[in-house]
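Work through the exercises below with the sequence and the model at hand. Each task is followed by a stepwise solution.

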2 protein chains.
Amino acid sequence: MNKLLVVGTVAFDSIETPFGKTGKILGGSGTFVGLAANQFNIETGIVSVVGGDFPQDYLDLMNTKGINTDGIEVVKKGKTFFWSGKYHNDMNTRDTLVTELNVLADFEPVVPDSFKDASIVMLGNLHPLTQASVLDQMNQRPKLVVLDTMNFWMDSALNDLHNVLKRVDVITINDEEARQLSGEYALVNAAKKIHEMGPKYVVIKKGEHGALLFNEEKMFYAPALPLASVFDPTGAGDTFAGGFCGYLTQSEDISFKNMKSAIIYGSCLASFCVEKFGTQRMEQIEQEEIKNRLQAFKELTQFDIELT
Amino acid sequence: MNKLLVVGTVAFDSIETPFGKTGKILGGSGTFVGLAANQFNIETGIVSVVGGDFPQDYLDLMNTKGINTDGIEVVKKGKTFFWSGKYHNDMNTRDTLVTELNVLADFEPVVPDSFKDASIVMLGNLHPLTQASVLDQMNQRPKLVVLDTMNFWMDSALNDLHNVLKRVDVITINDEEARQLSGEYALVNAAKKIHEMGPKYVVIKKGEHGALLFNEEKMFYAPALPLASVFDPTGAGDTFAGGFCGYLTQSEDISFKNMKSAIIYGSCLASFCVEKFGTQRMEQIEQEEIKNRLQAFKELTQFDIELT
C-alpha cells in the first residue's frame, strides 16, 4: 500500500459552540489529517508527541482505524498539548481561550524507518524548522510534499518558512494568510507570488466559501457544501487536507486533473467533520455516506453548457 | 423572438475606485440588466424613467444594442436619478456619497403594449408596489417572474414586499439580505424560509464568493471567476441577473437544469462587467470572448469522479 506520512499535533481540545460544550476530547491537526486520510486504502503514519496523560484508548482508536502511531512519541512525565476555544454565533470566528504547548514546546519529530520511504508527506501546521527536519529524515525526496502553515509562523519565523517552502510542492493556506504571505490582495496574484516561493500548487482555503487550487495559469474551485447546521468547525481544514493527501496517496497520480478530484474529496470529508464535536463524526463515517455526498457535490457544481 | 421585460433604474452614476474616478456616466440596474440580457437572441424591453437631462446618445446606444426603450419615460422638466459611490481598497465594500432620486421619486411604470406578453419579467430593485404594478399590467401571468430586492425595502416596506413575493418565481438577493428576510443564518435554512414566502427558486448572491441557487431540496453553486483585478464592481449583480434572465428567455426552458446554465452565464457576464468603469466593458463584449470565458468556468468547476 502507498504510504502517507503526516507530521502534526495530537492533542486535547476543549470546545464551546452555540450548541454545547465539551470536556477535554481528542483533537490536533495530525489526528484530523490521519482520520480523513485513512478513508482511503493507504498506510498513514503520524509523527507527533503526547504526554503521559494521553489515554491509550486514543492511540488504540487510531490503530483500529489503520493509522500507524509508531511516530507518536509519548513523554511520560509531560503533558499533552491542550487547546481550548469558543466559537461565535456565526461559527466563522472563534476565540482561543487556552493554548498550553506542554510537550509540543520541545517537539523534535522522529520519522519511523518504515515511513522514510512514504510517497507523500503532509507537513502540518508547526514551526517551519520542525517541518524541515521531517523532510531531512526521508530516504529520498517524496513524490509530493504538502505543507500547511498559518500567520503565526509568518510573523515569528518568516525566513525559516521561506526556506522550507522551497522544498514544498503544495501549500495549503487560508485567504487572509495567502494575502499576508504574498502582499497581494487578489488571490490570483497572491497564488502567483507564492508559486515563486517554491510551491507549484497553491490551495487557498476560504472556509464556508470553499477552496481554490492554483497551478501556474490553471485554477480549480471547490465549494464547501452548504449545510443547514455547522455543529463544530474544529478540524475541518485539517480534514480537508487529509482527504486531499489521502486521495492523492492512494492514486499516486499528482496531475492537476487528479488534484481537482482530491480537492473535492477534501471538501466532502470536511463537510462531515463539522457535523459533530471534535473527531466524533470522522470516527463513524461510512463509505456509502461518502459516496452519497460526492454525488451531492456533483449536483452542486456540474452543469451542461455545450461550447461549439 | 422571445421577450424579456425589465423594470429598473436608468441613471447617472459617478464612481470612485482605487483605480480612478468617473464623471457622470451611464448606470442603473435596468441598464445593466438590459445590456447583459441582450447578449442573447431575444427582445429586451426596459421600463424606467429619466429626466430631460438624459442624453439621447444613451438611448440610441441601448437601441443599437437591440434594447427596446419605448418603456423609458422621459420627464422633460425632471432630472435623472443620480448615484455616486466610492469603493474601499478591498472592492467589497463601498460608501454611497450621493443618492438623488429625482424623477424616480414619482415613478409609475407603464408597460408598453408590445411587452405585455413578455414571457419573462425581471423586476429590478425598486419599491415592491412599483414591482407589483408591472405584474398587474401584463396580459397574462408571465412564464417566469424574477425579482431583485434589497435590505432597504425589508426595513421600509416589508408587507408590500411579502405581497409581491407571493407572485414571484425567482428571487435574487445577497447573503446578508437573505438572512435578514428569513431570520435564518445558514443559507440552506434561509432559502427554505424564503420558499415559503412564494419564490420556488432562491438565488443568493455572494459577490466574489459566487452565487447559490436553491429549489426546494436542490442546490447549485456558481463561483465568481477569480480575477487578478476588479476595476469597478458597479452593476455586477445586475449584469449577473441580466445574464440569468436573458439565457432563460432565449431558451424558454425554466427547468432547474437549465437554470444552472443560466447562473453560469450570469456569473460569466458579471466577470466582464467589473473589468472597466460602468457599462463600458458590457458595451464592447464579443461572443468569442464569452465563449472563452465559459470555457474558463468549465475548467474552474468541472471534475471527474466516477461513482459506481
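Helices (H or I, at least four residues) and strands (E, at least two) are DSSP runs, numbered from the N terminus. The model is predicted: local features need pLDDT of at least 70, side-chain atom pairs count only at pLDDT 80 or more, and totals for chains, interfaces and linings use all residues. Residues are numbered from 1 along each chain as its sequence is written, while chains are lettered from A and ligands numbered from 1 in the order in which they are written.

**Exercise 1. Place B:Phe152 and classify its burial.**

Step 1. Find the element. B:Phe152 sits in helix α4 of chain B, residues 151–156.

Step 2. Set the scale. A residue is buried if 20 or more other C-beta atoms lie within 10 Å of its own, exposed if 12 or fewer, and partly exposed in between, with C-beta atoms placed from the backbone.

Step 3. Apply the count. B:Phe152 has 11 other C-beta atoms within 10 Å, so B:Phe152 is exposed.

Step 4. Take a distance. B:Pro112 is 40 residues from B:Phe152 along the chain, and their C-alpha atoms are separated by 28 Å.

**Exercise 2. Examine the positive phi values of A:Glu216 and B:Glu252.**

Step 1. Recall the rule. Most residues other than glycine have a negative phi.

Step 2. Take A:Glu216. Its phi is near 50°. A:Glu216 belongs to the loop between β14 (211–215) and β15 (218–222) of chain A. With 12 other C-beta atoms within 10 Å, A:Glu216 is exposed.

Step 3. Take B:Glu252. Its phi is near 45°. The loop between α8 (236–251) and α9 of chain B holds B:Glu252. Here 13 other C-beta atoms lie within 10 Å, so B:Glu252 is partly exposed.

**Exercise 3. Which residues of helix α6 of chain A are buried, and what covers them?**

Step 1. List them. In α6(A), residues 175–182, the buried ones are A:Glu177, A:Ala178, A:Arg179, A:Leu181 and A:Ser182.

Step 2. Find the cover. It includes α4 (151–156), β12 (170–174), α7 (187–197) and β13 (201–205) of chain A.

Step 3. Look past the end. A:Gly183 follows α6(A), with a positive phi near 75°.

**Exercise 4. Describe the fold of chain A as a whole.**

Step 1. Count elements. Chain A has eleven helices and 15 strands.

Step 2. Test compactness. The radius of gyration is taken over C-alpha atoms, and the globule rule is 2.2 Å times the number of residues to the power 0.38. Chain A comes to 18 Å, close to the 19 Å that the rule gives for 308 residues, so chain A is as compact as a globular protein of that length.

Step 3. Check burial. Of the 308 residues in chain A, 50% are buried.

Step 4. Check confidence. pLDDT is the predictor's confidence in each residue, from 0 to 100. Chain A has a mean pLDDT of 96, and 100% of its residues reach 70 or more. The model's ipTM is 0.91 and its pTM 0.93.

**Exercise 5. How many residues does each chain bring to the contact, and how are the copies related?**

Step 1. Count. Two residues are in contact if their C-beta atoms, placed from the backbone, lie within 7 Å. Chain A brings 29 residues and chain B 29 residues.

Step 2. Find the main supplier. α11(B) gives five residues, the largest share of the side of chain B that touches chain A.

Step 3. Superpose. Least squares is run on the C-alpha atoms of residues with pLDDT of at least 70 in both copies. A turn of 180° and a shift of 0.0 Å along the axis lay chain B on chain A with an RMSD of 0.0 Å. The two copies are therefore related as by a two-fold rotation axis.
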